[in-house]
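Here are a few exercises to try with the structure open beside you. Have a go at each one before you read its solution.

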Amino acid sequence: MTLRTGIIISLVTFSALLSSQQTHLSLRPSISLNGQWNYIVDPYENGFYNYRYEPYDSSHGIPRNAFFSNSKPRDRSDLIEYDFDRSDTIAVPSDWNTQKKQLFYYEGTVWYKKSFDYLKKNPSNRLFITFGAVNYQADVYLNGKKLGVHVGGFAPFNYEITDLIQDRDNFLIVKVDNKRKKEGVPTLNTDWWNYGGITRDVKIVETPETFIREHVLQLDRNDGNRIQGTISLGGTAVLQKSIVIEIPELNIKKEFQTDSTGNAVIDLRKNNIVRWSPENPKLYTVTIGTGNDKITERIGFRTVNTSGSKILLNDKPVFLRGISIHEESPFSKGRGHSSKDALQLLSWAKELGCNYVRLAHYPHNENMVHLADSMGILVWEEIPVYWTIAWNNPETYANAEEQLSAMISRDRNRASVIVWSMANETPVSDVRNMFLGKLAARARSLDGTRLISAALEQRSFPDNPNIRTIGDPFAEAVDILSFNQYIGWYDGVPSKCREIRWKINENKPVIVSEFGADAKYGFHADSLTRFSEEYQEYLYRETLEMLNTIPQLSGLSPWILVDFRSPRRTLPKIQDGWNRKGLISDNGEKKKAFYILQKYYSAKAREQQK
Ligand code: GCB
């Protein structure tokens, strides 16, 4: 059965019913399955296909050669050519590339296995297995039964396992395949490392039979005294149920009823709501209860709008002093996932003077947005619709839309998140415009309280190469006009910034979503020597001057906070597999340009206070 626009294929009926809807399970108490898992590297997918290349999945019963059967020889003459328990182990969550030397460049299939016991707290409870993210395709099996297939490397997903789990000796097997595909999202070509593996937490979550499946609580965009939202129940008895919302600090305790679809519409009024902002990241403890289910979350309330060329946060203009960030751990130098990684990255952003970050080029782990909420950092989130995508392929669109919906569902209670971005540097064409137009409409229908954008490109006027504009029809569909530009790096040397004039006619806020230059930390030379810290410093000075001439300029997210791995970057002794546009090196050392931006942001912050 194909569900959720073809992305989750669930083979278990009750799981299918839930998978067709978004479910918030990450807030609940859980049992972690993180830790060491056995793994088998399987480049030919020998554990998935027989020698006629027919998938074992489609056979009757569970063939013993299928790795997901986790078979053992019955006696000493029995032939079984794999054994998870005698195989090496690997840490979950993490990527395989930076854990195992021989898997550094590997793109293909790796099987993961975890055995566990589990005792239910209450016999009538339901159980789910949740994955924070697996890159890129996960085929998931519990005790030999297929739970489903999930495609897309940065989205959470879950399966109900109530009827499959045993008290003892469960085995969870995940076939992880990170092969890049032309029709994938992202596609074959990117400028970041294609880390494979179970890259975020794996948990077992137990809920009552009827439970709070999803909740959305946000400040009304046009009325700061009104909290609106919906609560959706899951389970068999979801109709006409009472739900109580409590926000003790605001003296709110109110009961609502679910309707004939199991949803309750929430409308709360209060005139003393302290609004969340970077200066005062106020979070309220919110409790939602129904029957014997209860969840608690810290939620901030704020509004974000635009007016002409201004971004208004809580009705006041804000300049977004930002930086772009990839999800890489400054500690392991692989895919980031932990709260420690998030704290280091966002603390550096704060030190730089940022009130805003662009999380590029895909949704980052949840620690980032939770921490941004508590540290008071505004966030742009995006999906990996990057460069060239198979615009004509309906499955590619379905995949992108699924990733967008999962991101919005996961993070729409985060006050810090103010922008949903649809794409990065995508070439203009009719099919692409339609693709992005549909995505933007979808984002607005899912969340009418945030701003929509996309990192577009800029171009010259036909008769004058020094006059630059955006010239992208998608500019009409966005609330914030954003574009990447590399004048002084891919386009001339930094002094060229002085020759450029910007002619942007739209009366919308402009964010320059990228600019930058590679610099190898510790390489010093004159300011025209490529890859020197001085060149990068010079480029930052010139670019900031130039961008200040754009009247609608409302924010920046230069490329990028920290050097990051990219197989495209091969220059020996300088890049060695790293994109060096970081203001901080992969070893945590600050380059000269860091201080140029820091100074610029401190002046901007002072201006804003006036
Ligand atoms: C870009 C891309 C970003 C690259 C960067 C670069 O425009 O959006 O993903 O890493 O340029 O370094 O070239």
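A crossing is left-handed if the near helix is turned anticlockwise from the far one by less than a right angle, and right-handed if clockwise. This is a predicted model, where local features need pLDDT of at least 70, side-chain atom pairs count only at pLDDT 80 or more, and totals for chains, interfaces and linings use all residues. Residues are numbered from 1 along each chain as its sequence is written, and side-chain values use heavy atoms, leaving out hydrogens and water.

**Exercise 1.** Work out how H6 and H7 are arranged.

*Solution.* Start by finding H6 at residues 533–547 and H7 at residues 592–609. Next, take the angle: they pack at about 20 degrees, with axes 7 Å apart. Angles under 35 degrees count as roughly parallel, and 65 to 115 as roughly perpendicular, over 145 as roughly antiparallel and the rest as oblique. H6 and H7 are therefore roughly parallel to each other. Last, the hand: H6 passes H7 in a right-handed crossing.

**Exercise 2.** Do the same for H2 and H3.

*Solution.* H2 (residues 339–352) and H3 (residues 366–375) have axes that come within 9 Å and cross at roughly 45 degrees. So H2 and H3 are oblique to each other. Their crossing is right-handed.

**Exercise 3.** Find side chains with an N or O atom beside a ligand oxygen.

*Solution.* Look for polar contacts (pairs of N or O atoms within 3.5 Å). Lysine 581 sits 2.6 Å from a ligand oxygen, arginine 569 has one at 3.2 Å, and tyrosine 486 has one at 3.3 Å.

Technical notes
A polar contact is a pair of N or O atoms within 3.5 Å; within protein, one must be able to donate a hydrogen and the other to accept it, and residues adjacent in sequence count only if both atoms are side-chain atoms. Axes are lines fitted to C-alpha atoms, for helices over the stretch in contact, and angles run from 0 to 180 degrees between N-to-C directions. Helices (H or I, at least four residues) and strands (E, at least two) are DSSP runs, numbered from the N terminus.
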